[in-house]
Amino acid sequence: MMDWIDEWIAVGSLLDSENVDELKEDNIDIIIDARVLFDRHGLGYTPIIEKVLKVGEVLTCISNMKVKVLIHCLWGIDRTPFIAMVYVARKYNKKSTDAYAYVKEKHPRTVYHWDWIKMLK
């Protein structure tokens, strides 16, 4: 199930991205697959920081254009909320930790990756 971070940005899973009826109902204009913004290392993932920051900036710009976006990965619990956190931090001028807490409030299934935040600096 998709969760809205704000009026323009939703987060979800791969299944959400394939539910065309729900996408139409929610007026989703663009879908971003967060999986392409991470490298896989063994059982874990590492964000590709320059891509993550670029997408955060793009999300800010297109939200200002009133474009509705779904961000997803496979399960929508860690990579996707991380991208949403970068967007929230940029769009609303919040510290990363505060932005992460805000995303978790909107998307309770969020799994924090504090090590990823350290990589943003």
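Which helices do the buried residues of α5 pack against? Keep that in mind as you look at the model, which is a predicted one. Here are some notes to read beside it.

1. **Helix α5.** Let us start with the opening question. The buried residues of α5 pack against α4 and α6. In α5, the buried residues include A99, Y100 and V103. Looking down the axis of α5, you will find its buried residues within an arc of 100°, so they line one face of the helix.

2. **The largest core.** In general, nonpolar side chains of soluble globular proteins tend to be buried together. Here the largest nonpolar core has 31 residues, and those touching the most other members are I9, L59, V69, I71, F82, I83 and M85. Two or more residues of this core come from each of β2 (9-12), α3 (49-64), β6 (69-72), α4 (79-91), α5 (96-106) and α6 (114-120). The biggest share is that of α4, with eight residues. There is also a second, separate core of five residues, and among them are M2, A10, L23 and I28.

3. **V69 up close.** If you want one core residue to explore, try V69. Not counting neighbours within four places in sequence, V69 is in contact with W4, W8, I9, A10, I28, I30, I32, L59 and I62.

4. **The sheet.** In general, strands of a sheet pair through backbone hydrogen bonds, either parallel or antiparallel. In this model, four strands make an open sheet with mixed pairing, and their order is β1-β2-β6-β3. At the edges stand β1 (3-4) and β3 (30-33), each with a single partner strand, so one side of each has no neighbour in the sheet. Try tracing β3 and β6: these strands run parallel and are joined by four bridges. One pair to look for is D33 with its bridge partner H72 in β6.

5. **Aromatic pairs.** A pair of aromatic rings is described by the distance of the centres and the angle of the planes. The model has eight aromatic pairs. One of them is F38 with F82, which is edge-to-face, at 6.3 Å centre to centre and with 70° between the planes. This pair links distant parts of the chain, since F38 is in strand β4 (residues 38-41) and F82 is in helix α4, 44 residues apart. Both F38 and F82 are buried. Y87 and Y92 also form an edge-to-face pair, because their ring centres are 6.4 Å apart and their planes are at 80°.

6. **Two tyrosines, two settings.** How buried or exposed are the partners in that second pair, Y87 and Y92? Y87 has 0% relative accessibility, so Y87 counts as buried. Y92 is at 38%, so Y92 counts as partly exposed.

7. **A cluster of rings, and lysines over rings.** One aromatic cluster is formed by F38, F82, Y100, Y112, W114 and W116. K104 lies over the face of Y112, 5.8 Å from the ring centre. Elsewhere, look for K68, whose charged end sits over the ring of W4, 5.2 Å from its centre.

8. **A loop lysine.** Finally, where is K95? You will find K95 in the loop between α4 and α5. With a relative accessible area of 57%, K95 is exposed, because exposed means over 50%. The C-alpha atoms of K95 and K118 are separated by 12 Å, and these residues are 23 residues apart along the chain.

Conventions:
Residues numbered from 1 in each chain as written. Heavy atoms only, no water. Core = buried A, V, L, I, M, F, W, Y, C linked by side-chain atoms within 4.5 Å. Buried < 20%, exposed > 50% of the residue type's maximum accessible area, 1.4 Å probe, protein only. Contact = heavy atoms within 4.5 Å. Phe/Tyr/Trp six-rings, centres within 6.5 Å; stacked < 30°, edge-to-face > 60°. Lys NZ or Arg CZ within 6 Å of the ring centre and 35° of its normal. Arc of directions from axis to C-beta. Pairing = 2+ DSSP bridges.
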